[in-house]
Structures are given as C-alpha cells and as structure tokens.
Amino acid sequence: MKLEELKVYQLAMDIGQRIWEIVIKWDFFAKDTIGKQLVRAADSVAANLSEAMDGFITRKTGNFVIMAEGLFTKP
C-alpha cells in the first residue's frame, strides 16, 4: 500500500493544510509564538507517517502508524 492511499495520512495532510490556512491569518505575535508550534506539530504527524512507510515497516515504525491513527479515531 502506498502512503498516499492511507486514510490516516490523507487526514493528517488535510489537517495540516487547514491549520496553515488558519495560522497564516494571525498577527505576527500569534504566528511567532503559538502559530509556529502548532504548524510544526500538525506537519509532524504526516512526516512521521511518511517515515514509517518509507521502504518497509518494522514493529518500531509500525508503531508510528498506530499512534497516528489514534489521533484521528473518534472515542
């Protein structure tokens, strides 16, 4: 399965894009303080999934996918 086919990856990319669109409208102080942290955190979800799917999945990297899926499942 390709990374782009994973629903969790698609959701992570969508959330990252939405956060960028929100933060870009903030004033400089808000962007510079919380905005940068929020964008980096959102971007890291898709990056971690990409890292986990790069090449092969071991038990360790498979845990990245499991953790990321937990972020998007509704209780």
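Let's start with a definition: a residue is buried when its relative accessible area is under 20%, exposed when that area is over 50%, and partly exposed in between, using a 1.4 Å probe and protein chains only. Lysine 36, with a relative accessible area of 39%, is therefore partly exposed.

Hi everyone, a word on where the values come from. This is a predicted model, in which local features need pLDDT of at least 70 and side-chain atom pairs count only at pLDDT 80 or more, while totals for chains, interfaces and linings use all residues. Residues are numbered from 1 along each chain as its sequence is written, and side-chain values use heavy atoms, with hydrogens and water left out.

Now the overall picture. The protein has three helices and zero strands, so the elements run α-α-α from the N terminus on. Helices (H or I, at least four residues) and strands (E, at least two) are DSSP runs, numbered from the N terminus. Of the 75 residues in the protein, 27% are buried.

Let's look at helix H1. How far apart should the ends of H1 be? Its 17 residues should span 24 Å at 1.5 Å a residue, and the end C-alpha atoms are indeed 24 Å apart. That expected span is 1.5 Å times one less than the number of residues.

Which residues of H1 are buried? They are Val8, Tyr9, Ala12, Gly16, Ile19 and Val23. These residues cover an arc of only 100° around the axis, so they sit on the same side of H1. The arc is taken from the directions from the helix axis to the C-beta atoms. On the face turned away from that buried side, you'll find the exposed residues Lys7 and Arg18.

On to helix H2. H2 has 26 residues and reaches 36 Å from first C-alpha to last, close to the 38 Å expected. There is also a kink of about 50° in H2, centred on glycine 35. The bend at a residue is the angle between axes fitted to the seven residues ending there and the seven starting there. Gly35 is itself among the buried residues of H2, which also include Val39 and Ala42.

Where do the helices share a core? The largest nonpolar core has nine residues: Leu3, Leu6, Val8, Tyr9, Ala12, Val45, Ala46, Leu49 and Met53. H1 (7–23) and H2 (28–53) each supply at least two residues of this core, and H2 gives the most, with four. A nonpolar core is a set of buried Ala, Val, Leu, Ile, Met, Phe, Trp, Tyr and Cys residues joined through side-chain atoms within 4.5 Å.

Finally, the charged pairs. Side chains of opposite charge can pair when their charged atoms come close. How many salt bridges does the structure hold? There are two, a salt bridge being a side-chain nitrogen of Lys or Arg within 4 Å of a carboxyl oxygen of Asp or Glu.

One salt bridge joins aspartate 14 to arginine 18, with the closest N and O atoms 3.1 Å apart. Both residues lie in H1, four residues apart, about one turn of the helix. Aspartate 14 counts as partly exposed because its relative accessibility is 32%.

Another salt bridge brings back our opening residue: lysine 36 pairs with aspartate 32, with the closest N and O atoms 2.7 Å apart. These two lie in H2, four residues apart, again about one turn of the helix. Aspartate 32 is partly exposed, with a relative accessible area of 33%.

Thanks for listening!
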